[in-house]
Amino acid sequence: MGDSLNLSTADLAALAFFLVAWVLHTLASDGKLVSRVSLTTAMNAQREAWMRTMAEREIRIVDTAIMSGLQQGTAFFASSSLIALGGCFALLGASDRVLEVLSTLPLGGAPSRAAFQIKVFGLVLILAFSFFKFGWAYRLFNYCTILIGAVPIPHGEASRNPVTETAVWRAAQMNMLAGKHFNSGLRGVFFSIGYLGWFVDPAVFVLSTLLLLAVLVRRQFFSAARRAVIGQPPGAGNGWSIRPDSQ
């Protein structure tokens with residue numbers, strides 16, 4: 001199979017390692033692989049808390065401004081993914097020049113032209129995946145804005161009746177789903193950086209994937225950002241359902 005694809009066994013093994021690392025990190029971040037709460041999971045709890053707080057407000061300018069910021073950030077990354085895709089096709093047009101540069105590197109030798117083009121198409125697939133994730137996240141954030149507008153204005157017990165609770169739940173679920181797709185797109189962008197090591201050598205590909213995975217795992221499970229989200233100030237009560245001492 002490797003010969004038919006103009007890829008060596010080492011190339012295929014490195015690619016398999018890369019894909020497994022991506023899938024395992026995704027499952028761990030979503031709380032499906034490890035019991036330790038990730039930054040993503042903790043932020044989902046905050047998204048739900050935000051929607052519940054939003055339901056108590058009569059004037060929701062702050063909430064719509066936040067949603068606008070989320071949409072703008074998503075649109076930025078979607079546009080960046082498209083630009084990167086264009087760069088990949090430009091890279092295909094400059095294959096001979098790139099192969100000449102790779103041949104001068106001390107690690108390994110330059111791949112064949114066919115193998116190089118296969119690797120570029122792999123990068124295209126990663127960036128296209130990210131673009132579609134960002135595009136869908138943008139639309140879901142737009143839907144979430146509509147669902148926020150559908151939450152009834154609180155009057156007395158109105159903020160705690162079944163109709164309002166259902167509207168808040170829908171808005172929270174849509175917000176978390178949009179965040180999930182945005183994170184998937186961003187994860188694709190991150191892993192595309194590790195993928196660049198494959199253009200040098202399979203061993204470099206594995207090393208770049210490991211380094212990238214170490215950075216992402218630290219950010220999700222051991223970063224100051226995670227501690228800030230799930231932590232409590234000294235002397236505060238235990239109002240959180242996710243507690244640092246239980247991780």
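How far apart do the end C-alpha atoms of residues 195-217 lie, and how much of the span is helix? The legends below take this up in a predicted model.

**View 1. Residues 195-217, end to end.** The end C-alpha atoms lie 17 Å apart. Helix makes up 74% of the span, and strand 0%. The unreviewed UniProt entry annotates residues 195-217 as "transmembrane region". Residues 75-94 and 114-132 carry that annotation too.

**View 2. Residues 75-94, another annotated span.** UniProt's unreviewed entry lists residues 75-94 under "transmembrane region". Here the chain is 95% helix and 0% strand. The C-alpha atoms at the two ends are 29 Å apart.

**View 3. Helix α2 crosses helix α6.** Helix α2 covers residues 39-55, and helix α6 covers residues 162-195. Their axes come within 9 Å. The crossing angle is roughly 145 degrees. The crossing is right-handed.

**View 4. Side by side: the residues where α2 meets α6.** From α2 come Thr40, Asn44, Arg47, Glu48, Trp50, Met51, Arg52 and Ala55. They meet Thr164, Glu165, Val168, Ala171, Ala172, Asn175, Met176, Gly179 and Asn183 of α6. By type, the residues of this contact divide into 7 nonpolar, 6 polar and 4 charged.

**View 5. The whole chain, for orientation.** The chain has 8 helices and 0 strands. Of its 247 residues, 38% count as buried. Among contacts with a separation of 6 or more, 75% join residues 24 or more positions apart. The exposed area is about 13,200 Å². Carbon and sulfur atoms supply 67% of that area.

Conventions. Residues numbered from 1 in each chain as written. Predicted model: local features only at pLDDT ≥ 70, side-chain atom pairs only at ≥ 80, totals over all residues. Heavy atoms only, no water. UniProt positions renumbered as here; feature names shortened; annotations may be inferred. Helix = DSSP H or I, 4+ residues; strand = E, 2+ residues; numbered from the N terminus. Axes fitted to C-alpha atoms, helices over the stretch in contact; angles between N-to-C directions. Left-handed = near helix turned anticlockwise from the far one by under 90°. Contact = heavy atoms within 4.5 Å. Nonpolar A, V, L, I, M, F, W, Y, C, P; charged D, E, K, R; others polar. Buried < 20%, exposed > 50% of the residue type's maximum accessible area, 1.4 Å probe, protein only. Areas by Shrake-Rupley, 256 points an atom, 1.4 Å probe, with all protein chains shown as cover.
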